[in-house]
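Work through the exercises below with the coordinates open. Each task is followed by a stepwise solution.

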Amino acid sequence: MNAKNASHRVARIERNTAETKILVELDLDGGGRSQLATGVPFLDHMLDQVARHGMIDLTVEAKGDLHIDAHHTVEDIGITFGQALRQAVGDKAGLARYGHAYVPLDEALSRVVIDLSGRPGLEFHVDFSRAMIGTFDVDLAHEFFQGFVNHAFVTLHVENLRGDNAHHQAETVFKAFARALRVAVTRDERAGANIPSTKGTL
C-alpha cells in the first residue's frame with residue numbers, strides 16, 4: 001500500500017487477542033486494490049467488493065480460531081476495519097459525512113445509508129434466504145457490521161429490499177456499503193475545513 005502521498009488518508013491497525021490476530025491497512029484515497037487473507041473465503045470475496053466499489057486500497061490479514069468457527073475472525077475483522085476507518089477520517093473536517101447507495105444484482109436489491117456521526121448505531125434488516133452461503137454462516141454478516149459500527153463510531157442502516165439468492169443478497173449489501181462509504185468520506189470542496197456538524201465536532 002502506498003502511504004507516501006501525504007494527501008492520502010491512511011491507517012494501519014493491528015489487533016491481537018487470544019482468539020485472533022488481525023492486521024488492517026487502508027487508504028481511503030486509493031484505487032480499489034485489495035490484498036486479503038482472512039481464512040474465510042467468502043469474507044475475502046465481500047471485502048474485495050468493499051475495496052473495489054469503495055475505491056479503498058485495503059489489506060486484511062487474519063489468523064483466527066477457525067477450528068471452532070469463523071465467528072471471532074469475522075467479528076474481529078469488522079472491529080479492526082472500524083478502528084482503521086476511524087483513524088483514517090480523523091476529525092472528519094471537510095467530509096461529506098453522509099452517504100447512501102442502492103445496489104442491484106439480478107433479483108436482489110439492497111440499500112445502505114451511513115452517517116459518520118461519532119455515534120455507533122446499526123440497523124441491519126437482511127432476511128437471508130438460507131442460513132449458509134457455502135461454508136459461510138450468514139449470521140456473521142451482521143457480526144461484521146456490528147463490530148465495524150461499534151469501533152468506527154458511525155450510524156449504519158443496512159436493508160436488503162428484495163432477493164431470493166443469499167449470495168446475491170450478501171453481495172448487494174457489501175457493494176452498497178462500499179458505495180455509501182465512498183460518498184461519506186468524499187472531501188466536500190464547498191465545506192473547506194469545516195466539520196460537518198452544527199456541534200462543531202463529530
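The exercises cover one helix and several charged pairs.

The model is predicted: local features need pLDDT of at least 70, side-chain atom pairs count only at pLDDT 80 or more, and totals for chains, interfaces and linings use all residues. Residues are numbered from 1 along each chain as its sequence is written, and side-chain values use heavy atoms, without hydrogens and water.

**Exercise 1.** Compare the expected span of helix α2 with the distance between its end C-alpha atoms.

Step 1. Helices are DSSP runs of H or I with at least four residues, and strands are runs of E with at least two, numbered from the N terminus.
Step 2. The expected span is 1.5 Å times one less than the number of residues.
Step 3. For the 19 residues of α2 (71-89) this gives 27 Å, and the end C-alpha atoms are 27 Å apart, which agrees.
Step 4. Just after α2, G90 takes a positive phi of about 60 degrees.

**Exercise 2.** Describe the surroundings of D57 in strand β4.

Step 1. D57 is buried, at 5% relative accessible area (buried is under 20%, exposed over 50%, partly exposed in between; 1.4 Å probe, protein chains only).
Step 2. The side chains of D57 and R33 form a salt bridge at 2.7 Å, N to O (a Lys or Arg side-chain nitrogen within 4 Å of an Asp or Glu carboxyl oxygen).
Step 3. R33, at 53%, is exposed.
Step 4. The D57 side chain also reaches the backbone nitrogen of G31 at 2.9 Å.

**Exercise 3.** Which residues are linked with D29 in a network of salt bridges?

Step 1. R9 and R187 are linked with D29.
Step 2. In the R187–D29 salt bridge, the closest N and O atoms are 3.4 Å apart; the two residues are 158 residues apart.

Notes: A polar contact is a pair of N or O atoms within 3.5 Å; within protein, one must be able to donate a hydrogen and the other to accept it, and residues adjacent in sequence count only if both atoms are side-chain atoms.
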